[in-house]
Amino acid sequence: MYKFRNTLIAFLISTAFTIPIFIAMNINQTAYETTVALLGSTWPPITPWGFITAIFAHPTVEDYVFDMLTLWMIGPYFETMFGTRNFWLTFIASGVASALSPILYYAMGTPVLVGGSSGALFGIIGFIIATPHRGVILANPINIIAIIFLLSPLAFAFGIAYLGHLLGFIVGIIIGYLYIKRRNTLVNYLL
């Protein structure tokens with residue numbers, strides 16, 4: 001049986017940070033832009049907490065729906081296979097890395113404001129790909145096509161902050177690799 005407690009917690013936190021954006025969206029454009037700026041991540045930073053709240057605050061309905069669907073598709077599997085500690089370590093570390101992507105965009109002369117769980121979720125995907133369980137993700141060609149598209153500059157043309165996805169993915173791969181290396185070292189030690 002799959003565990004889903006932490007997936008539910010991540011879902012509830014994301015919903016709590018996204019509701020004010022949806023409310024502001026229905027007030028007027030200024031309220032929406034102000035709320036997104038206060039909860040999102042940009043460079044130079046507008047708020048000191050933006051690198052954390054950006055992980056959970058979704059600036060559009062589409063972003064929220066796709067991120068939450070992805071969370072519910074892979075979160076319970078990840079929790080069950082790798083545990084609570086690895087879930088939050090990977091989710092938060094990858095999410096913060098993703099929230100730092102505006103630094104790279106700024107350096108390229110394209111200031112952006114980012115928000116959403118996509119980078120954190122790409123970290124979860126990267127972690128799984130770094131383990132022997134990679135077939136769960138890579139067995140489906142649609143997943144491979146989606147991953148390649150969402151990590152490519154082509155996604156930017158659709159308003160998708162691909163560098164955030166890429167940074168989260170890289171951090172997830174590193175954490176997954178370290179997890180497998182540590183586990184294999186422990187197994188060899190016990191044998």
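This section describes helices α6 and α9, the surroundings of Asn6, and the placement of Ala31 in a predicted model.

Helix α6, which runs over residues 118-129, contains 12 residues, and the 16 Å between its end C-alpha atoms agrees with the span that should follow at 1.5 Å a residue. Burial extends through this helix: 12 of the 12 residues of α6 are buried, so the helix is largely enclosed by the rest of the structure. Among these buried residues are the glycines Gly119, Gly123 and Gly126, together with Leu121, Phe122, Ile124, Ile125, Phe127, Ile128 and Ile129, while Ser118 and Ala120 also belong to the buried set. The packing partners of the buried residues of α6 are α3 (50-56), α4 (61-99), α7 (135-138), α8 (141-150) and α9 (162-190).

Of these partners, α4 may be described further in terms of its geometry relative to α6. Two packed helices are described by the angle between their axes and the distance between the axes. The axes of α4 and α6 come within 7 Å and cross at roughly 55°, and α4 is therefore oblique to α6. The crossing of these two helices, α4 and α6, is left-handed.

Helix α9 comprises 29 residues and reaches 42 Å from its first C-alpha to its last, which is close to the 42 Å expected at 1.5 Å a residue. Its buried residues include Tyr162, Leu163, Gly164 and His165, as well as Gly168, Phe169, Gly172, Ile175, Gly176, Tyr179 and Ile180. The cover over the buried residues of α9 includes α4, α5 (101-107), α6 and α8.

Asn6 lies in helix α1, which spans residues 5-25. With a relative accessible area of 3%, under the 20% limit, Asn6 is buried. The side chain of Asn6 takes part in a polar contact of 2.9 Å with the side chain of Thr84, and a polar contact of 2.7 Å links the side chains of Asn6 and Trp88. When neighbours within four places in sequence are left aside, the residues in contact with Asn6 are Glu79, Thr84, Phe87 and Trp88.

Ala31, by contrast with the buried Asn6, counts as partly exposed because its relative accessibility is 21%. This residue, Ala31, is found in helix α2, formed by residues 29-39. The C-alpha atom of Ala31 is separated by 31 Å from that of Leu151, and the two residues are 120 residues apart along the chain.

Methods: Residues are numbered from 1 along each chain as its sequence is written. This is a predicted model: local features need pLDDT of at least 70, side-chain atom pairs count only at pLDDT 80 or more; totals for chains, interfaces and linings use all residues. Side-chain values use heavy atoms; hydrogens and water are left out. Helices (H or I, at least four residues) and strands (E, at least two) are DSSP runs, numbered from the N terminus. Buried means under 20% relative accessible area, exposed over 50%, partly exposed in between (1.4 Å probe, protein chains only). A polar contact is a pair of N or O atoms within 3.5 Å; within protein, one must be able to donate a hydrogen and the other to accept it, and residues adjacent in sequence count only if both atoms are side-chain atoms. Contact means heavy atoms within 4.5 Å. The expected span of a helix is 1.5 Å times one less than its number of residues. Axes are lines fitted to C-alpha atoms, for helices over the stretch in contact, and angles run from 0 to 180 degrees between N-to-C directions. Angles under 35 degrees count as roughly parallel, over 145 as roughly antiparallel, 65 to 115 as roughly perpendicular and the rest as oblique. A crossing is left-handed if the near helix is turned anticlockwise from the far one by less than a right angle, and right-handed if clockwise.
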